[in-house]
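The exercises below are meant to be worked through with the sequence and the coordinates open side by side. Try each task before reading its solution.

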Amino acid sequence: MQNILDYSLDELKQWMILNDESGFRAKQTYNWLYKKAWDFNEMKNLNNSTISKLNANFYVGIPKIIDKYLSKDGTIKYLLAYSDGNIVECVVMKYEYGNSICVSTQVGCRMGCKFCASTLEGRIRDLTAGEILSQILVAENDIEERISNIVLMGSGEPLDNYDNVIKFINLVNSPDGLNIGQRHITLSTCGIVPKIYELADLRYQITLAISLHSVEDIRRQSIMPIANKYSIEEILNACKYYYECTKRRITFEYALVKDVNDSDEDALMLCKLLKDILCHVNLIPINEIKEKSFKKSNNKSVERFLNIIKNNGIEATVRREMGSDINAACGQLRRSYIETQRYE
Ligand code: SAH
């Protein structure tokens, strides 16, 4: 049995033809799926032969909502279970310009960033393109509204699951699918350099976000193991190449940790590093996770850091802390769920 959500419309068309069905049945099936009809038997304009072939070969891989948390600011966090029992999180954020969703790309993560809750037990498995897509379908169905922006910033390292993530982007771009344009998609990476070059060569119009978090290799290595493999200089060169290929402004994420990377000197070094790159800096007051001792920078330091960057002509914003009352950040919910299961 295969998850039909992993199929593009063209692939489904090929499948129909190979299975002695008319190609146009693919489009009909696809329309139902995106209208959130997830039972082949309910697809009224299909004939019995098509329906029975679909039933015999496919399932619709929609995860089950096992928990849902609503924040005071409107953010909704979902805990979703796939059919094999694996659990991921996704978060819907409501902005003036529309709904945005943060999706997970892997169950767990093997990048080992010291401040992140998603990686504490390593990577369990990659998600397929259809499984990533299904997070959006299930959320749209639940809120009964369209989602227009996607950030790949949930659990997992998107560039460590490259082929599935690229296929996911193609699926959501499809006018017959969710029809979400590339400019409405942001991919965040801890900096897997060769994959940044590969992505740049596709010339997609998605926004690349780099989790930089540190201005010196030595300090970056102490919080992000990937920094032992690729230097900041190598990452920045890859970003310049990405810009040359796509003309897209790069986002740099910088999580501020009290007394670790939030000094004036750090801010100035950051400006120096980024001076030849058209970019936007996103400052994130770090989310304290209970497994680690990192402390969040205080508001005053965040403000000072922000002003230094802006005064050096680099555009910067502080990420609004949405959903912090519901553990909406970075794998915390899945972990607390798994922990309570363990102790029950
Ligand atoms: N693996 C990708 C995307 C997932 S993490 C990446 O590394 O970019 C999304 C963002 O959240 C990254 O910038 C990550 O460094 C950051 N993050 C992880 N844990 C965090 C925490 N406890 N507080 C603040 N940001 C965190």
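**Exercise 1. A hairpin and its middle strand**

How many residues lie between β3 and β4 in the hairpin they form, and which residue in the turn has a positive phi?

Solution. Keep in mind throughout that this is a predicted model. Begin with the turn: the hairpin of β3 and β4 has five residues between its strands, and Gly74 is the turn residue with a positive phi, about 95 degrees. Next, follow the pairing, where β3 (residues 64–70) runs antiparallel to β4 and is joined to it by six bridges, with Lys68 standing opposite Tyr78 of β4. Then turn to the other neighbour, β5 (residues 87–95), which pairs with β4 in the antiparallel sense, again over six bridges; here Leu79 is the residue that stands opposite Glu89 of β5. The hairpin of β4 and β5 also has five residues between the strands, and in it Gly85 takes a positive phi near 90 degrees.

**Exercise 2. The two faces of β4**

Determine which residues of β4 are buried on one side and which on the other.

Solution. First count along the strand: β4 spans residues 76–81, and six of its six residues are buried. Then separate the faces, which places Ile76, Tyr78 and Leu80 on one side and Lys77, Leu79 and Ala81 on the other, so that both faces are covered.

**Exercise 3. Two domains and the contact between them**

Describe how the chain is divided into domains, and what area the two domains bury between them.

Solution. Start from the domain assignment, which gives domain 1 as 2–59 and domain 2 as 64–342. The contact between them draws twelve residues from domain 1 and 15 residues from domain 2. The C-alpha centres of the two domains are 34 Å apart. The size of an interface is often given as the accessible area lost when the parts come together. By that reckoning domain 1 and domain 2 bury about 1200 Å² between them, with 59% of it on carbon and sulfur atoms. For the polar side of the interface, the rules find three salt bridges and six residue pairs in polar contact. On the side of domain 1 that touches domain 2, the elements giving two or more residues are α1 (9–18) and α2 (24–34), and α2 gives the most, with three residues. For a salt bridge to inspect by eye, look at the side chains of Asp176 and Lys27, which meet at 3.5 Å, N to O.

**Exercise 4. The surroundings of α2**

Why can α2 be called largely enclosed by the rest of the structure?

Solution. The argument rests on a count: eight of the eleven residues of α2 are buried, and the helix is therefore largely enclosed by the rest of the structure. The buried residues are Arg25, Ala26, Gln28, Thr29, Tyr30, Trp32, Leu33 and Tyr34. To see what covers them, note that they pack against α1, α3 (48–57), α4 (129–143) and α5 (162–173). Just after α2, Lys36 takes a positive phi of about 70 degrees.

**Exercise 5. A cysteine in a helix**

Is Cys245 buried or exposed?

Solution. Locate Cys245 in helix α8 (residues 232–246). Its relative accessible area is 12%, and because buried means under 20%, Cys245 is buried. Finally, list its partners: leaving aside neighbours within four places in sequence, Cys245 is in contact with Ala200, Asp201 and Arg203. The C-alpha atoms of Cys245 and Leu199 are separated by 9.6 Å, although these residues are 46 residues apart along the chain.

Conventions:
Residues numbered from 1 in each chain as written. Predicted model: local features only at pLDDT ≥ 70, side-chain atom pairs only at ≥ 80, totals over all residues. Heavy atoms only, no water. Buried < 20%, exposed > 50% of the residue type's maximum accessible area, 1.4 Å probe, protein only. Helix = DSSP H or I, 4+ residues; strand = E, 2+ residues; numbered from the N terminus. Pairing = 2+ DSSP bridges. Domains from an automatic or database assignment. Contact = heavy atoms within 4.5 Å. Buried area = accessible area lost by both parts, 1.4 Å probe. Salt bridge = Lys/Arg side-chain N within 4 Å of Asp/Glu carboxyl O. Polar contact = N/O pair within 3.5 Å; in protein donor to acceptor, adjacent residues only side chain to side chain.
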